[in-house]
Amino acid sequence: MADDSRTSNVGGRYAQALFDLANDENKIAAVEADLKSLKAMLADSRDLRVLLASPAFSAQDKGKGLAAVAAKAGFDSTTRKFLGLIAANGRASAIGSVITAFQALSAARRGVVSAHVTTAMPLSADQARGVSAALRQALGKDPEIETHVDPSILGGIKVRVGSRLFDASLGTKLDSLKFALKRA
């Protein structure tokens, strides 16, 4: 049974339900892979984001769109049924938060921690291993790293683990210096 005390938002509640179902069917890995693919599709396709977020499209239209995407991508039957359900319930716009919450539940089950790493330039393989080793030592758990490139931070690194942000970016340091100089 789902523990609703841990999941208070709509995306979290749907993610918990999907996680429980996938666990019962021994399909957590398959569903997580499908959701990871869907997350990438959402990031790449403006049309898909508009379809899911816009109130101009009916729940039925959103369901048809998600069904077509799921069929084309070869998603597992559990994932396809879930996407149909979430669209029919008028909650297609919450898919992004469902994916994030599901990934967090899956990571917690595997005993790993999810870390979002932002750098100004892509990390090399050696740098990624170094960040992973540093996080493993600092957190005491194996990190599952998702990297993002954001040139606006100018240099350095930002690491978000849960609600904690470790910010060693050049942009933030320059902003702090600018604020200190204005106060002086």
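Begin by selecting strand β1 (residues 112–119) together with strand β3 (residues 156–161), which run antiparallel and are joined by five bridges. The model in the viewer is a predicted one, and this applies to every stop of the tour. Within this pair of strands, pick H116 and look across to β3, where the bridge partner of H116 is R160.

Keep β1 selected and add β2, which pairs with β1 in the parallel sense over eight bridges. Here A115 is the residue to highlight, since I145 in β2 stands opposite A115. If you now show helix α7 (residues 125–139) as well, you have a right-handed β-α-β unit made by β1, α7 and β2.

Next, display the whole sheet, which is open and contains four strands in the order β2-β1-β3-β4, with mixed pairing. Which strands stand at the edges? They are β2 (142–149) and β4 (164–169), each of which has a single partner strand, so that one side of each is left without a neighbour in the sheet. Following the sheet from one strand to the next, you will find a twist that averages 20 degrees.

From the sheet, move to helix α8 (residues 170–183), which lies across β3 and β4 and runs at about 80 degrees to β4.

Now leave the sheet and select two helices, α1 (residues 10–24) and α6 (residues 95–110), which pack with their axes 8 Å apart and at an angle of about 50 degrees. Because that angle falls in neither the parallel, the antiparallel nor the perpendicular range, α1 and α6 are oblique to each other, and their crossing is right-handed. To see the contact, show the side of α1 that includes Y14, L18 and F19, which belong to the set meeting a group in α6 that includes V98, F102 and L105. The residues of this contact of α1 with α6 divide into nine nonpolar, six polar and one charged.

For the last stop, select helix α4 (residues 59–73) and helix α5 (residues 77–88), whose axes come within 8 Å and cross at roughly 165 degrees. As angles over 145 degrees count as roughly antiparallel, α4 and α5 are therefore roughly antiparallel to each other, and the crossing of α4 and α5 is right-handed. On α4, colour A59, K62, G63, L66, A70 and A71, and on α5 colour R80, L83, A87 and A88, since these residues make the contact. Of the residues in this contact of α4 with α5, seven are nonpolar, one is polar and two are charged.

Key:
Residues numbered from 1 in each chain as written. Predicted model: local features only at pLDDT ≥ 70, side-chain atom pairs only at ≥ 80, totals over all residues. Heavy atoms only, no water. Axes fitted to C-alpha atoms, helices over the stretch in contact; angles between N-to-C directions. Parallel < 35°, antiparallel > 145°, perpendicular 65-115°, else oblique. Left-handed = near helix turned anticlockwise from the far one by under 90°. Contact = heavy atoms within 4.5 Å. Nonpolar A, V, L, I, M, F, W, Y, C, P; charged D, E, K, R; others polar. Pairing = 2+ DSSP bridges. Right-handed = clockwise from strand over helix to strand, strands pointing away.
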